[in-house]
There are 4 protein chains.
Amino acid sequence: MAELNIGLIGYKFMGKAHSQAYRNVNFYFEPSLDYRLKVLCGRNEKNVKEASEKYGWEEYETDWRKVVERDDIDLVDIGTPTNTHKEIAIAAARAGKHVLCEKPLALSLADANEMLREVKKAGVKHMVGFTYRRVPAIALAKRLIDEGRIGAIHHVRANYLQDWIVDPEFPLVWRMDKAVAGSGSHGDLNAHMIDLARYLCGEFEEVMGMSKTFVKERPDGGDMDGGLGASTGDQAKLGKVTVDDATLFLANFENGAIGNFEATRFATGRKNKNCIEINGSKGSIAFNFERMNELQFFSKEDEEHIQGFRTILVTEPCHKYMSSWWPAGHIIGYEHCFTHQAFDLIEAIASDQKISPDLEDGVRCQEVIEAVEQSIEKRGWVKIESLREHVTS
Amino acid sequence: MAELNIGLIGYKFMGKAHSQAYRNVNFYFEPSLDYRLKVLCGRNEKNVKEASEKYGWEEYETDWRKVVERDDIDLVDIGTPTNTHKEIAIAAARAGKHVLCEKPLALSLADANEMLREVKKAGVKHMVGFTYRRVPAIALAKRLIDEGRIGAIHHVRANYLQDWIVDPEFPLVWRMDKAVAGSGSHGDLNAHMIDLARYLCGEFEEVMGMSKTFVKERPDGGDMDGGLGASTGDQAKLGKVTVDDATLFLANFENGAIGNFEATRFATGRKNKNCIEINGSKGSIAFNFERMNELQFFSKEDEEHIQGFRTILVTEPCHKYMSSWWPAGHIIGYEHCFTHQAFDLIEAIASDQKISPDLEDGVRCQEVIEAVEQSIEKRGWVKIESLREHVTS
Amino acid sequence: MAELNIGLIGYKFMGKAHSQAYRNVNFYFEPSLDYRLKVLCGRNEKNVKEASEKYGWEEYETDWRKVVERDDIDLVDIGTPTNTHKEIAIAAARAGKHVLCEKPLALSLADANEMLREVKKAGVKHMVGFTYRRVPAIALAKRLIDEGRIGAIHHVRANYLQDWIVDPEFPLVWRMDKAVAGSGSHGDLNAHMIDLARYLCGEFEEVMGMSKTFVKERPDGGDMDGGLGASTGDQAKLGKVTVDDATLFLANFENGAIGNFEATRFATGRKNKNCIEINGSKGSIAFNFERMNELQFFSKEDEEHIQGFRTILVTEPCHKYMSSWWPAGHIIGYEHCFTHQAFDLIEAIASDQKISPDLEDGVRCQEVIEAVEQSIEKRGWVKIESLREHVTS
Amino acid sequence: MAELNIGLIGYKFMGKAHSQAYRNVNFYFEPSLDYRLKVLCGRNEKNVKEASEKYGWEEYETDWRKVVERDDIDLVDIGTPTNTHKEIAIAAARAGKHVLCEKPLALSLADANEMLREVKKAGVKHMVGFTYRRVPAIALAKRLIDEGRIGAIHHVRANYLQDWIVDPEFPLVWRMDKAVAGSGSHGDLNAHMIDLARYLCGEFEEVMGMSKTFVKERPDGGDMDGGLGASTGDQAKLGKVTVDDATLFLANFENGAIGNFEATRFATGRKNKNCIEINGSKGSIAFNFERMNELQFFSKEDEEHIQGFRTILVTEPCHKYMSSWWPAGHIIGYEHCFTHQAFDLIEAIASDQKISPDLEDGVRCQEVIEAVEQSIEKRGWVKIESLREHVTS
């Protein structure tokens with residue numbers, strides 16, 4: 001069996017999620033490649049060494065350039081803050097490595113486009129980490145839509161609600177620093193929703209948004225370089241929040257559907273309520289990530305007196321991915337979106353197939369993200385087309 | 001159009017519910033009889049006079065015998081505490097009046113049987129007030145079962161949970177007095193569940209129960225003759241609770257199904273959670289009275305990947321009773337079970353049809369109630385057959 | 001006791017809802033006025049005569065001008081399509097009658113302002129029919145907000161989803177005719193949401209919207225003058241839909257909160273899902289009209305390990321209006337928002353108090369409605385202030 | 001750091017669940033012992049070899065006796081069908097190994113008692129696999145009860161509903177063979193509920209049950225020695241089902257609470273709906289395993305107008321186990337009950353503490369299981385006391 005050596009850059013939240021994924025692909029699935037967790041990379045030697053042992057990596061490294069340059073690495077997985085994605089991804093592609101990059105792809109659309117050009121030129125496999133496509137309930141939603149069960153789509157209604165920074169005393173962390181994260185709730189949360197909307201409904205035509213930063217200054221002292229919550233700085237000082245706490249936007253899709261998107265970190269009591277509802281001419285689907293093993297489905301094709309939203313417990317063997325897990329009714333957890341992503345990536349590399357979502361999807365998402373930002377600035381609608389880079393390839 | 005003059009005995013909780021029903025039949029439906037709210041009857045003249053005016057009755061009366069004896073009364077509706085049902089119902093039947101009697105029918109099965117014999121002998125229409133059959137969602141459940149959608153029934157799982165007397169300081173009221181109410185949670189709540197189970201699943205074969213009185217003495221001072229909560233006595237004195245706070249029982253049905261029933265007034269936080277779930281070979285239904293406009297339905301006949309419990313919002317014109325109400329999605333309230341009951345009763349009288357549930361259903365229910373009581377006493381199973389009175393008619 | 005004679009204009013959907021309300025105020029509440037259902041008015045004599053008898057009105061009338069001119073009428077209740085509101089309301093006010101007017105107040109803000117000026121000048125009581133304020137769960141939401149339980153408001157997230165015209169074969173009815181209805185989902189559904197947002201959160205500052213008409217032509221043949229679904233025209237012909245099927249908008253509030261609003265008649269499977277969620281610095285509330293007896297409430301003031309959204313069953317005696325109904329856990333239906341509205345109106349007239357919401361609230365709502373329409377046209381944000389008429393009074 | 005070498009007997013459903021647990025303890029937690037996945041044991045060499053590689057075990061073995069006899073094994077984990085538990089556990093204990101045994105403990109109470117005597121005599125650590133105690137939401141339920149938040153317990157209401165054998169064509173598997181499994185739904189599902197009730201409410205005093213086998217013969221051809229669903233035999237032949245499809249029972253607890261328990265494999269549409277509700281004098285808790293990251297909690301100590309069942313999303317760092325997982329709102333899956341169990345077992349061994357639940361809990365549970373079986377046979381109540389073996393130790 002062919003081999004695949006993996007190098008993972010970043011060992012914190014995403015590093016942990018990606019590490020467990022690679023460990024579990026072999027445990028639950030039958031991958032076509034003999035892959036190895038070769039090297040984990042992070043800047044702090046003590047921490048990355050510990051993490052590499054805990055998470056089952058053969059080696060660790062403190063300089064990502066060394067990982068990218070190693071001959072024995074086939075896949076570079078980028079799980080670091082947004083501002084580092086571009087440089088690492090391009091270097092990896094130029095070195096002939098396959099690339100998996102966390103979302104949002106880049107600080108800017110220009111950067112994202114550059115990344116895409118480079119991976120295309122290098123001819124490597126590339127993937128962007130929109131893991132929600134790998135939730136079995138979302139895979140089922142896609143199947144129902146492809147089967148024509150909801151008909152022509154009229155509405156996409158998505159909101160991604162969190163509340164982890166409602167408290168004004170919560171300290172500044174890297175996710176609130178524009179230079180590192182690019183944006184706040186918008187790139188972090190709307191990015192997921194935009195990708196899901198593209199996956200399930202189709203391409204955006206134009207958008208119109210607004211954003212808000214409710215708390216404009218926060219105590220210093222949070223983790224400014226890649227984790228959640230670890231406190232290091234001077235808590236007596238106040239620092240400036242340079243990103244949005246909430247971003248909302250309206251949208252027209254190319255197929256005539258309309259959309260409503262909202263991302264916020266200020267929805268008290270909502271922890272990770274990533275909800276999407278799609279209404280079509282023949283039915284509807286609705287999903288809430290806090291109950292990620294369930295999908296709601298309404299069909300006008302049912303007899304009239306028994307129409308109603310079904311709560312489908314997406315744990316049956318006939319549901320994508322689920323025959324590899326537990327008996328029906330035994331739910332799976334958040335981290336296995338990453339397990340499925342890793343499995344699909346490995347299989348795509350093994351069979352030399354295109355991966356979805358790839359960096360082109362990352363660019364498409366970035367176009368929408370940036371169009372929303374422009375629309376906020378100009379206080380009017382922005383066509384996605386106006387941002388598109390037309391490559392002659 | 002033929003006329004129907006109604007006399008209602010009792011003006012408290014049930015009197016109010018029945019009064020609004022008669023007023024609303026004309027408002028929402030197209031009854032085949034020209035009925036009139038002729039006379040309301042209660043012992044306390046001041047109260048019954050006030051109630052008769054408030055609730056729209058033409059006259060009031062303080063002696064139920066006078067109502068029963070009036071030539072111009074066609075239907076006697078009995079909404080008084082259980083211990084009075086038998087005497088009033090028999091007198092009414094003997095006077096040739098149609099009878100609607102609140103549940104549970106009587107203090108004992110013997111009394112219930114006597115009532116049934118008398119109404120049969122008199123040839124009048126008779127009905128017992130198991131109003132939950134008139135919830136549109138329950139009517140839909142019945143329809144789905146009759147359509148064969150859940151197949152052969154394996155399980156009935158019913159519980160009726162309230163919490164209004166969890167507080168040991170809640171005073172004694174007539175519903176805790178065996179001489180007036182017959183039993184506690186059992187006759188009050190299980191009676192409804194037993195009737196629903198008979199309606200939806202079929203006849204009971206044998207039962208085995210247990211009951212519990214958690215609080216055995218309570219302050220005097222509650223309403224001892226027919227309302228809820230109105231305080232009149234000496235609260236410093238403690239009186240004895242002579243009924244059950246909770247009664248549970250297991251059951252075998254004649255058709256091979258098995259049942260699990262629980263009634264309690266001690267389920268803290270559950271206000272009127274009358275739940276029934278029925279599992280069959282091809283599907284299941286589930287209902288919760290606190291969300292009485294919804295029915296849950298699961299069908300194994302759906303394609304495998306879209307099976308799930310549907311939440312049917314039972315407010316469509318195709319749902320029984322609902323075309324008389326509001327547009328879809330506009331729910332109706334508790335009291336309209338009584339409105340539907342009154343409408344169905346009037347229509348049955350108009351068309352000279354048998355009414356379901358009638359006093360025979362009341363007797364069948366009473367048999368189960370009493371069989372459970374016997375099973376509690378003998379600490380073993382009791383066959384319903386062993387209690388049945390075999391009338392040669 | 002003082003008397004109040006009521007004249008109701010319109011006998012269809014709203015006429016039915018308002019009629020039951022007046023009948024039930026006396027039944028369930030203790031109003032301070034001796035009011036009478038004096039006269040019901042509609043253009044079709046046969047229909048209005050039947051309705052007046054069915055709904056309990058003493059008399060009927062076919063010309064609303066005669067109702068307004070009668071000396072014995074004290075309150076004119078306007079339940080007709082939007083295009084008639086202004087003329088009737090102004091005539092009633094000039095004749096010295098109190099006015100209750102259905103929502104949306106008028107076809108235009110200018111009309112609404114004119115109506116307001118006239119009722120003010122006449123010194124009569126005036127109310128606009130935003131009945132959702134009278135849902136007990138919304139009254140509880142207001143109470144919780146006033147008690148400071150959710151703190152400073154950050155988000156209002158409201159959508160009102162219906163699906164009654166998803167089928168392109170559903171015929172044209174008056175609600176799709178701009179000349180009669182003013183707008184479609186916007187005036188019909190967003191009007192409610194806007195009023196609730198003003199009630200619970202505060203005044204709008206600026207808005208930005210979009211709208212869509214998915215089905216632009218429909219078969220003729222629906223009821224074009226004031227009911228739902230009654231078919232009269234030529235179904236072979238297609239007529240033009242001149243209103244929106246869906247209208248979405250974003251909003252800034254004066255207090256710094258931001259809002260997201262969506263109204264649609266194309267959300268397949270959603271029948272009357274009028275949802276509002278409000279997130280504040282200390283808690284959140286959420287409401288869904290399809291489960292109108294429930295309120296969701298989250299409090300950060302709970303101890304950390306027991307924080308969660310409570311489902312409050314708003315049927316306790318301590319909840320506004322509910323002590324007049326049934327024991328806890330026995331839910332009420334849609335129509336009783338109107339019952340509560342009628343009771344509150346009668347009480348306000350009796351005690352000579354200001355009514356909320358009054359025509360000024362109707363105007364405020366109309367400003368937002370019209371600002372959204374302007375924003376759609378100019379594809380940019382519109383300040384509410386820019387539409388405000390500054391009366392020197 | 002001290003070492004702990006683990007030998008796991010059984011490689012199918014439970015073997016997979018336990019294997020992932022041991023692999024993940026190191027990944028997510030900080031165990032105090034340096035444990036190793038030493039040897040996996042199963043009868044079929046090809047299968048167990050494959051499983052040992054897939055699941056990360058250093059070695060495999062085909063004879064459990066060899067595992068038990070190895071000097072380098074410290075902990076024997078028994079994940080085989082029930083009929084093998086006793087022999088393996090006793091041999092392991094006599095060899096001085098710690099023992100983790102799957103539930104139900106044994107085919108009979110006598111066997112269970114013998115096992116308990118042996119592990120006590122051997123002085124080894126012992127644990128029984130009631131993993132639901134390790135669901136964070138159940139740990140929270142226990143905490144709330146211990147904090148006195150629901151007061152004195154009145155009701156335990158538990159049902160464990162599955163539907164995997166509703167189809168009469170589903171073949172015979174070992175779980176339907178009394179000789180292998182001991183009982184059907186009773187030992188498999190009620191065992192969990194009984195343990196949870198003991199954990200949360202206290203000791204049983206007496207029980208009264210019923211059971212049913214709806215389908216008495218099934219096609220041969222299912223996996224008869226330890227997995228779910230793998231078909232091997234002759235499907236044309238019918239074999240006899242020797243266990244219950246459903247077992248229900250009522251209970252009195254020593255502390256005055258009453259209980260209602262139901263286990264079934266015939267609840268169409270319910271996949272793994274393991275529900276328990278506990279009502280106390282001051283509050284209630286409710287749990288459904290299909291939504292295992294949520295706990296419902298009602299408190300009478302809340303102010304009256306805000307009382308309601310909270311849905312607590314048990315994913316906060318303050319919730320037991322959860323600080324080791326993901327940010328709040330990111331749920332975990334079924335298998336991690338086993339991860340928590342493995343962690344707690346390793347910690348108990350490391351610190352030489354008593355483990356809960358241990359084999360004594362397994363015996364207590366077995367007493368109730370067997371008392372229910374006796375009650376079914378004699379059709380009357382059975383005291384737990386009457387089955388208890390009184391060891392003088």
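A polar contact, a term needed below, is a pair of N or O atoms within 3.5 Å; within protein, one atom must be able to donate a hydrogen and the other to accept it, and residues adjacent in sequence count only if both atoms are side-chain atoms. The model on screen is predicted, so that local features need pLDDT of at least 70 and side-chain atom pairs count only at pLDDT 80 or more, while totals for chains, interfaces and linings use all residues. Residues are numbered from 1 along each chain as its sequence is written, chains are lettered from A and ligands numbered from 1 in the order in which they are written, and side-chain values use heavy atoms, with hydrogens and water left out.

**First stop: chains C and D**

Select chain C and chain D together, and look for the contact (heavy atoms within 4.5 Å), to which chain C gives 19 residues and chain D gives 19 residues. The buried area, meaning the accessible area (1.4 Å probe) that two parts lose on being put together, summed over both, is about 1600 Å² here, with 49% of it on carbon and sulfur atoms. Now pick out C:His305, C:Ile306 and C:Arg310, which supply 42% of the area that chain C buries against chain D, more than any other three residues.

Across this interface there are 14 residue pairs in polar contact, with both residues at pLDDT 80 or more. Helix H6 (136–146) and strand S16 (309–313) of chain C each supply at least two residues of the side that touches chain D; helices (H or I, at least four residues) and strands (E, at least two) are DSSP runs, numbered from the N terminus. S16(C) gives the largest share of that side, 4 residues.

Next, select C:Arg149 and D:Glu303, whose side chains meet in a salt bridge at 2.8 Å, N to O. A salt bridge is a side-chain nitrogen of Lys or Arg within 4 Å of a carboxyl oxygen of Asp or Glu, and 4 of them are found across the interface of chain C and chain D.

Then show the two S16 strands alone: S16(C) and strand S16 (residues 309–313) of chain D run antiparallel and are joined by 3 bridges, two strands being paired if DSSP finds at least two bridges between them. Within this pairing, C:Arg310 stands opposite D:Arg310.

**Second stop: chains C and A**

Replace chain D by chain A, and 45 residues of chain C are seen in contact with 45 residues of chain A. Chain C and chain A bury about 3700 Å² between them, of which 59% lies on carbon and sulfur atoms. In chain C, the residues that lose the most area to chain A are C:Met210, C:Thr268 and C:Arg379, together 17% of what that side buries.

There are 6 salt bridges across the interface of chain C and chain A, and one to display is that between the side chains of A:Glu277 and C:Arg270, at 2.8 Å, N to O. The residue pairs in polar contact between chain C and chain A number 19.

**Third stop: a sheet in chain B**

Finally, select chain B, where 6 strands form an open sheet with parallel pairing, in the order S3-S2-S1-S4-S5-S6. Its edge strands, each paired on one side only, are strand S3 (59–61) and strand S6 (126–128). Inside the sheet, 4 bridges join strand S4 (residues 75–78) to strand S5 (residues 98–101) of chain B, and B:Ile78 has B:Cys101 as its bridge partner in S5(B).
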